[in-house]
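The following exercises are meant to be worked with the sequence and the coordinates at hand. Each task is followed by a solution in steps.

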Amino acid sequence: MQEDAQARQRRLQQLRSSFSNEQSTVETFKQELSAAEGRLAAGGAQVSTMLSQMRITEESLSDVQTRDNACQRDLKMLKTASVDELRDELKHRHFLLGRAVQ
């Protein structure tokens with residue numbers, strides 16, 4: 001009977017030790033998870049910033065392409081238009097600029 005009590009006591013000590021080890025492991029995992037969540041949040045912020053910068057770059061590229069297309073049209077017109085056509089275009093643009101200022 002005393003041997004059974006000693007065996008139960010040893011088993012109880014083993015269970016307590018195992019439980020303590022598991023609690024320690026769980027705490028370690030929680031800390032690692034918290035750190036990983038922090039890194040993930042920081043990475044998400046970086047991705048958001050990069051996407052924002054890419055949108056700005058895409059918009060800038062689009063603006064440049066639009067201006068380039070307008071310049072190409074103007075160049076083609078300058079090469080092919082007569083003096084009267086150029087004079088009419090200049091009057092038209094002057095008129096448009098005047099309306100934009102008002």
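**Exercise 1. Charge and overall form**

The mean positions of the 15 positive and 15 negative charges of the protein chain are 1 Å apart. The model is a predicted one.

Task: Determine how the radius of gyration of the protein chain stands against that of a compact globule of 102 residues.

Solution.
1. For a compact globule of 102 residues, a radius of gyration near 13 Å would be expected.
2. The protein chain has 38 Å instead.
3. Along the principal axes, the C-alpha atoms of the protein chain fill a box of roughly 120 × 30 × 10 Å.
4. One pair of residues illustrates these dimensions: Leu 61 and Gln 9 are 52 residues apart along the chain, and their C-alpha atoms are separated by 76 Å.
5. As for secondary structure, the protein chain has two helices and zero strands.

**Exercise 2. Burial and surface**

Task: State what percentage of the 102 residues of the protein chain count as buried, and describe the accessible surface.

Solution.
1. A residue is buried when its relative accessible area is under 20%, and exposed when it is over 50%; values in between are partly exposed.
2. By this criterion, 1% of the 102 residues count as buried.
3. The accessible surface of the protein chain is about 9500 Å², and carbon and sulfur atoms account for 56% of it.
4. Leu 61, found in helix α1, has a relative accessible area of 48% and is therefore partly exposed.

**Exercise 3. A nonpolar patch**

Task: Identify which residues make the nonpolar surface patch of about 260 Å², and classify Val 47 as buried, partly exposed or exposed.

Solution.
1. The patch is made by Val 47, Leu 51 and Met 54.
2. Val 47 is placed in helix α1, which comprises residues 2-80.
3. Membership of a patch requires over 30% relative accessible area.
4. The relative accessible area of Val 47 is 44%, so this residue is partly exposed.

**Exercise 4. Salt bridges along the helices**

Task: How many salt bridges does the structure hold, and why can Glu 27 and Lys 30 be described as about one helical turn apart?

Solution.
1. Side chains of opposite charge can pair when their charged atoms come close.
2. The structure holds four salt bridges.
3. In one of them, the side chains of Glu 27 and Lys 30 meet at 3.8 Å, N to O; the cut-off for a salt bridge is within 4 Å.
4. Glu 27 and Lys 30 are three residues apart in helix α1, so about one helical turn separates them.
5. Glu 27 is partly exposed at 41% relative accessibility, and Lys 30 is partly exposed at 49%.
6. In helix α2 (residues 83-101), Arg 87 and Asp 84 lie three residues apart, about one turn of the helix.
7. The side chains of Arg 87 and Asp 84 meet in a salt bridge at 3.0 Å, N to O.
8. Arg 87 is partly exposed at 42% relative accessible area, as is Asp 84 at 49% relative accessibility.

**Exercise 5. A network**

Task: Establish which residues are linked with Arg 93 in a network of salt bridges.

Solution.
1. Arg 93 forms a salt bridge with Glu 89, with the closest N and O atoms 2.8 Å apart.
2. Arg 93 and Glu 89 are four residues apart in helix α2, and about one helical turn separates them.
3. Arg 93 is partly exposed at 34% relative accessibility, and Glu 89 is partly exposed at 24%.
4. The network of salt bridges links Asp 74, Glu 89 and Arg 93.

Notes: Residues are numbered from 1 along each chain as its sequence is written. This is a predicted model: local features need pLDDT of at least 70, side-chain atom pairs count only at pLDDT 80 or more; totals for chains, interfaces and linings use all residues. Side-chain values use heavy atoms; hydrogens and water are left out. Patches are made of residues with over 30% relative accessible area and no salt bridge: like charges are joined within 9 Å, nonpolar side chains (Val, Leu, Ile, Met, Phe, Trp, Tyr) within 5 Å. Accessible areas come from the Shrake-Rupley method with a 1.4 Å probe; for residues, only the protein chains shown count as cover. Buried means under 20% relative accessible area, exposed over 50%, partly exposed in between (1.4 Å probe, protein chains only). The radius of gyration is taken over C-alpha atoms; the globule rule is 2.2 Å times the number of residues to the power 0.38. Lys and Arg count as positive and Asp and Glu as negative; His and the chain ends are not counted. The place of a charge is taken as NZ of Lys, CZ of Arg, CG of Asp or CD of Glu.
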